[in-house]
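Biologist: Could you take me on a close look at one part of this model, strand by strand, and follow it out to wherever it leads? I would like one connected account that I can read with the structure open beside me.

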Amino acid sequence: MAGPMRIRATEEGGVTTVRVLMAHPMETGMRRGPDGSPIPAHYITNVEATHNGRTVLAGVWGPAVSQNPFLAFKFRGATKGQRVAVRWTDNRGATRSDEAVIA
Amino acid sequence: MKTNRRTVLQASGAMATLVALGIVTAQQAHAAARPGFDARTLPDALRALGGAPATSNQISIVSDAIAENGAAVPVTVISRLPRTTQMFLLVERNPIPMVAGFTIPEGTEAEIQTRLRMGESSNIVAIVRADGRLFSAVKEIRVTLGGCGG
């Protein structure tokens, strides 16, 4: 479940495009298991992307973001070879951080 | 931007103190940090964000008109409004319309792409805070297979 994020970051014309694929069940809490009992909600509540320690995107999420969330965004001020880090936190307090080198 | 008790309390970190004193429940404090995520209707979600947004043609919602799979509907939201600081995505007919909110720091483009769950065909509503004011755009997406797995 807490598998690594796949992050791709490319810079062109001063703009870095970041594409992230996170591994997370994003369980809404509205489904029932085969025995009829409810499957508890389990989803990413916060996402933060940073570059050189500075936040370049912050997200507050609910369970209606799809399973294995995809996120893409763009920002200025980075150059090839630098890194972008992405961290998520879920409603159980679990957290995961990964980074990628900007190509 | 409307300054309200909740915003001031949050900013000053007093919310934690109020929870400790039993004046505010932990649930209320949590909700303050996640505006709109408790709301079960679109008007309630908009109220939680600070009021009725003005429609803007400077906000684009890019998606297919028909989604094959309601569990994963790709959506891109773009704001051309200057000084966009926040972007929110809502699905009007979801049990909880608020899906995601993003803070856009200076230097970051006001353009976000993600995939949403839609329980049924519905309007997607994008709300943008720019210059402290709220603006909105709407796009209908029809769903052939609803995405709540129920």
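Modeller: Happily! Start at Ile61(B), which stands opposite Val77(B) in β4(B). Please keep in mind that this is a predicted model. The strands behind that pair are β2 of chain B, residues 59-62, and β4(B), and they run antiparallel to one another over 4 bridges.

Now look at β4 of chain B itself, residues 73-79, which has two faces. Val73(B), Val75(B), Val77(B) and Ser79(B) make up the covered face, while Pro74(B), Thr76(B) and Ile78(B) form the uncovered one. Val77(B), on the covered face, also has a bridge partner in β7(B), namely Ile112(B). Here β4(B) and β7(B) pair in the antiparallel sense, this time over 6 bridges.

From β7(B) you can step across to the other chain. Strand β5 of chain A, residues 70-76, pairs with β7(B) in the antiparallel sense over 4 bridges. One spot to find by eye is Phe75(A), which stands opposite Thr108(B) in β7(B).

That pairing belongs to a wider meeting of the chains: 28 residues of chain B are in contact with 25 residues of chain A. On the chain B side, the elements that give two or more residues are β6 and β7. The largest share, 8 residues, comes from β7(B). Sorted by class, this side of chain B has 14 nonpolar, 9 polar and 5 charged residues.

Between those two strands of chain B, β6 (98-103) and β7 (108-116), there is a loop, and Pro105(B) sits in it. Leaving aside neighbours within four places in sequence, Pro105(B) is in contact with Thr55(A) and Val56(A). Pro105(B) counts as partly exposed because 13 other C-beta atoms lie within 10 Å; the exposed class stops at 12 or fewer, and the buried class begins at 20 or more. For a sense of scale, Pro105(B) and Ala20(B) are 85 residues apart in sequence and 32 Å apart in space, C-alpha to C-alpha.

Finally, a word on the partner, chain A. Its secondary structure comes to 0 helices and 7 strands. The C-alpha trace of chain A spans about 55 × 20 × 20 Å along its principal axes. Of the 103 residues in chain A, 35% are buried. Among contacts in chain A between residues at least 6 apart in sequence, 54% join residues at least 24 apart.

Notes: Residues numbered from 1 in each chain as written. Chains lettered and ligands numbered in written order. Predicted model: local features only at pLDDT ≥ 70, side-chain atom pairs only at ≥ 80, totals over all residues. Contact = placed C-beta atoms within 7 Å. Nonpolar A, V, L, I, M, F, W, Y, C, P; charged D, E, K, R; others polar. Pairing = 2+ DSSP bridges.
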